[in-house]
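Here is a friendly walk through a two-chain model, meant to be read with the structure open beside you. Take a moment to find your bearings, and then follow along.

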Amino acid sequence: MLDGRYRFDNFVVGASNRLAVSAARSVAESPGSSYNPLFFYSESGLGKTHLLAAIGYHACKLRPDLRVEYLAVDELVDRLNVAVELGQAERFAQRFADVHVLLLDDVQALAGRAETQSELLRLFNALQQAGRQMVMASDRPPQEIADVDRRLLTRMAGGLIVDIGPPEYETRVAILRAKCAERGLVFGSGVLEELARVPSRNVRELQGWLNRLVAQQSLSAVPLEPVDVRALVARSRGSTPVANEFDSFVREIASVVSQSVDRWRARLAEFVARWAGEGIRTAYLERFLEAKEPPDLDKLEADFVSAVRRLQWLEREAARLDPKLAGLEVFRDPERLDEAEGVVQRAMAAFDPPPAPNSDLDVESLVAGGANQLALKAAAEVIAFPGERYNPLYIYGPRGCGKTHLAHAIGNALRARGGGVSTVACVTASAMTEEVIIALQEDGLERWRMRYRAADALVIDDVHELAGKERTQDELFHLFNAMLRDGKQVVLTADAPPGELFDIATRLRTRFEGGLVVEMGRVSEAERTAHRTPVPEGAEAAAPTIDFWDDALDVVPEEKVQFAPLLVDREKLIVDWGAMDGRVVEELR
Amino acid sequence: MPIFNYAAREITCKIVYYGPGRSGKTSSLQAIYAKIPAGRRGTMYSLATQGDLTLFFDYLPLELGRISGYLTRFQLYTVPGQPQYAQTRRLVLHGADGIVFVADSQLARMEENLDSLRDMHEALLVHGVDPRSVPLVFHYNKQDLPEPLVARPAELDAVLNFRGMPSFPGDALRGRGVFEALRAVSVQVLRRFAEPAHPRI
């Protein structure tokens with residue numbers, strides 16, 4: 001079956017099977033990651049087996065290391081019976097446990113076979129847990145297969161179910177032309193088109209008519225004409241060639257319409273009709289129908305399908321978070337995808353928020369001193385103008401300098417100030433890595449992303465712990481960009497400045513430097529003691545508070561500030577600020 | 001109203017059955033109606049009829065379903081043939097995409113056929129349409145009558161069909177030639193779409 005006779009490139013795609021082919025291709029290109037399981041159903045002779053085999057062939061061609069298994073349910077039953085008789089039922093299960101892509105045909109034959117169903121259920125669970133792909137084909141949808149275990153039914157229906165309809169006129173013509181090209185057959189003008197007008201329930205029947213036509217041609221000294229096709233069909237059906245006048249009229253009109261409408265418009269109109277039939281708003285596509293020039297149809301259709309899939313995912317997520325959100329109109333309109341994302345993000349923030357900052361850590365409890373005054377001042381700016389002044393704010397310093405405290409304190413202060421910041425995600429880099437791993441295991445990465453993107457501000461502690469965690473870095477890169485694009489504040493802490501971070505991608509390090517990088521040192525014991533000393537009544541100004549350091553910064557005599565630029569380029573200025581005992585990186589953009 | 005409505009994904013063709021009174025226009029629509037499968041049959045409207053005469057018009061919507069992604073429908077109208085309803089005929093003719101001229105094959109009605117044809121040309125000109133540009137077919141009805149009473153198709157062609165348009169002898173009461181005429185005019189109408197300019201009446 002997987003020897004290459006059945007491929008995607010020799011499968012004629014039409015309106016009746018376009019979705020099935022698109023899903024099959026997607027599965028073949030990335031098994032286990034898109035539609036799993038993928039379930040085709042149709043009357044026999046419409047290409048289910050061809051598609052199954054094409055998936056297997058294409059997947060193996062792309063990744064020769066994949067183990068792909070094709071079998072019909074009857075074959076599965078036979079193998080299971082033999083294994084049970086030999087007392088090797090366990091080996092039977094193991095044999096399939098190594099399969100990467102399992103292609104199961106004639107699934108309707110499971111009806112009433114309790115033992116096979118039970119074995120298949122186990123196999124199903126094992127393959128799904130291992131992220132392996134299952135593709136099934138049947139002559140009816142899962143829910144119409146009688147006597148099947150409900151658990152198995154649920155699993156079969158848990159991915160994408162696609163039906164394949166009988167080919168319409170244009171597809172029948174294309175199939176006939178493809179078959180003739182394959183076999184080197186040539187017919188006169190209009191002959192194949194006339195044959196395509198013969199109502200055929202499936203492709204096999206159509207092929208049968210073509211075979212009869214070939215036989216007829218071989219007996220005829222002159223080339224066959226369209227009228228001969230009508231006579232042949234009438235003879236074969238034991239009737240006179242006078243067809244139903246209304247049907248004949250409709251066929252004639254269909255033929256003329258298909259010639260009159262630009263092919264691209266016809267294809268797009270069919271695409272629109274299909275999605276409109278599924279309740280999806282298609283106004284966006286309809287605008288292209290009125291264009292004079294054809295758009296890039298492949299891209300347009302792929303983008304639309306992708307947006308619809310995204311909306312479907314969002315609707316499922318929304319329903320999971322709050323059942324009241326299911327069925328909203330916004331989930332039916334690809335043009336409102338951003339709005340739908342917003343709905344789910346808000347639901348995420350309300351029902352499944354990301355980790356919040358520790359509420360015990362506030363700015364007031366921080367001891368201000370010479371070593372952290374810049375960090376405190378920057379923090380105050382960020383709290384006052386989130387997302388506007390220093391974004392990201394990158395605080396680095398040795399262990400115990402209080403940067404974690406400050407990061408959480410900023411998060412709490414942002415939450416407390418309101419003004420559009422209600423959800424603050426606060427997480428350590430190592431916890432974030434762990435979350436990403438779990439999300440990957442549970443196929444919940446998209447949900448993870450949304451949880452964080454739903455936040456109004458992001459605080460990540462100890463970003464140096466991302467060293468070598470490439471996937472988490474990748475996720476952070478996209479999250480970071482999304483936050484900054486939306487004007488949301490990002491605060492990062494680390495044990496070293498961005499330029500000195502080990503094993504962190506350059507694209508992340510440069511982004512960390514894009515806002516304000518500020519060093520934070522340990523506050524001296526004397527300053528701590530001073531902080532703990534009760535302030536005499538009426539002498540509050542003497543306490544080393546943030547306000548104090550604000551004032552202090554303002555009043556530092558210019559001559560005492562020893563600017564010694566370490567680096568000046570178009571984006572930033574790095575100076576040693578002697579008077580403040582620190583280094584400042586100032587964003588110039 | 002354009003024939004091809006891309007936004008709504010609809011193709012709508014208006015076909016008008018024209019001809020003298022009692023030539024068989026309503027019978028043609030009834031013959032078509034009778035051959036539409038029950039599941040796809042809409043309602044045929046006969047507005048303001050008296051006896052077997054059409055005083056206003058008949059209307060038969062024909063839904064052909066989705067073809068190449070377009071919901072395709074034909075709207076078939078008849079006009080009242082009696083001379084005094086010229087205004088109604090003009091109104092019904094407005095917006096027509098094609099015309100089936102139903103001629104009465106009886107020799108005794110030849111003059112009325114000619115009058116009706118002239119009337120049709122005038123009505124088209126009133127709408128600012130060149131009669132030569134409109135898809136037109138002839139249905140020579142009542143060919144089932146005894147030979148001495150009817151003109152043969154060639155004779156009818158010689159008198160009425162000087163532009164050499166498709167013509168179909170038939171018998172509307174039994175449905176002969178009716179679908180052939182409808183098919184021919186419909187194909188002409190749809191093919192005109194491919195032309196750069198396709199004015200409607």
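## A parallel sheet in chain A

In chain A, five strands form an open sheet in the order β2-β3-β4-β1-β5, with parallel pairing. The edges belong to β2 (68-72) and β5 (160-163) of chain A; each has a single partner strand, so one side of each is left without a neighbour in the sheet. From one strand to the next, the twist averages 15°. Please keep in mind throughout that this is a predicted model.

Inside this sheet, strand β3 (residues 101-105) of chain A runs parallel to strand β4 (residues 133-138) of chain A, and four bridges join them. If you would like a spot to zoom in on, L104(A) stands opposite M136(A) in β4(A). Helix α2 (residues 48-62) of chain A lies across β1 (38-41), β2, β3 and β4 of chain A, and runs at about 165° to β3(A).

## An enclosed strand

Now move along chain A to strand β9 (residues 489-494). Is this strand of chain A enclosed or open? Six of the six residues of β9(A) are buried, so the strand is largely enclosed by the rest of the structure. In a regular strand the side chains alternate between the two faces of the sheet. Both faces of β9(A) are covered: Q489(A), V491(A) and T493(A) are buried on one side, and V490(A), L492(A) and A494(A) are buried on the other.

Which strands pair with β9(A)? One is strand β6 (residues 393-396) of chain A, which runs parallel to β9(A) and is joined to it by four bridges; here Y394(A) has L492(A) as its bridge partner. Another is strand β8 (residues 457-461) of chain A, which also pairs with β9(A) in the parallel sense over four bridges. In that pairing, Q489(A) of β9(A) is the bridge partner of A457(A). Together with helix α20 (residues 470-485) of chain A, β8(A) and β9(A) make a right-handed β-α-β unit.

## Nonpolar cores

The largest nonpolar core has 70 residues, and I410(A) and V459(A) touch the most other members. Helix α16 (residues 373-384) of chain A gives the most to this core, with seven residues. Leaving aside neighbours within four places in sequence, V459(A) is in contact with P357(A), A407(A), I410(A), G411(A), V424(A), A425(A), C426(A) and V491(A). Apart from this core lies another, of 67 residues, and among its members are F249(A), I253(A), A254(A) and I99(B).

Two buried residues of chain A deserve a look of their own. S255(A) is found in helix α11 (residues 245-260) of chain A, and it is buried, with 22 other C-beta atoms within 10 Å. S255(A) and R197(A) are 58 residues apart in sequence, yet 8.7 Å apart in space, C-alpha to C-alpha. F187(A) sits in the loop between α7 (169-183) and α8 (191-196) of chain A. F187(A) is buried, with 22 other C-beta atoms within 10 Å. Its contacts, leaving aside neighbours within four places in sequence, are C180(A), L192(A) and L224(A). F187(A) and E225(A) are 38 residues apart in sequence and 8.3 Å apart in space, C-alpha to C-alpha.

## Backbone details in the loops

Two residues that are not glycines have a positive phi, as the table shows.

| Residue | Phi | Loop | C-beta neighbours inside 10 Å | Class |
|---|---|---|---|---|
| D147(A) | about 50° | between β4 and α6 (150-156) of chain A | 10 | exposed |
| R22(B) | about 65° | between β2 (10-18) and α1 (25-35) of chain B | 19 | partly exposed |

There are cis peptide bonds to look for as well. The bond from N36(A) to P37(A) is cis, with omega near 0°, and P37(A) lies in the loop between α1 (18-29) and β1 of chain A. Another cis peptide bond joins N391(A) and P392(A), with omega about 5°; P392(A) lies in the loop between α16 and β6 of chain A.

## Where the chains meet

How many residues does each chain bring to the contact? Chain B brings 23 residues and chain A brings 21 residues. On the side of chain B that touches chain A, β4 (53-67), β5 (70-78) and α5 (178-192) of chain B each supply at least two residues. The most comes from α5(B), with seven residues. By class, this side of chain B has 14 nonpolar, four polar and five charged residues.

Methods. Residues are numbered from 1 along each chain as its sequence is written. Chains are lettered from A and ligands numbered from 1 in the order in which they are written. This is a predicted model: local features need pLDDT of at least 70, side-chain atom pairs count only at pLDDT 80 or more; totals for chains, interfaces and linings use all residues. Two residues are in contact if their C-beta atoms, placed from the backbone, lie within 7 Å. Ala, Val, Leu, Ile, Met, Phe, Trp, Tyr, Cys and Pro count as nonpolar, Asp, Glu, Lys and Arg as charged, and the others, Gly among them, as polar. A residue is buried if 20 or more other C-beta atoms lie within 10 Å of its own, exposed if 12 or fewer, and partly exposed in between; C-beta atoms are placed from the backbone. Two strands pair if DSSP finds at least two bridges between them. A crossover is right-handed if, with the strands pointing away from the viewer, the path from the first strand over the helix to the second runs clockwise. Axes are lines fitted to C-alpha atoms, for helices over the stretch in contact, and angles run from 0 to 180 degrees between N-to-C directions. A nonpolar core is a set of buried Ala, Val, Leu, Ile, Met, Phe, Trp, Tyr and Cys residues joined through C-beta atoms within 7 Å.
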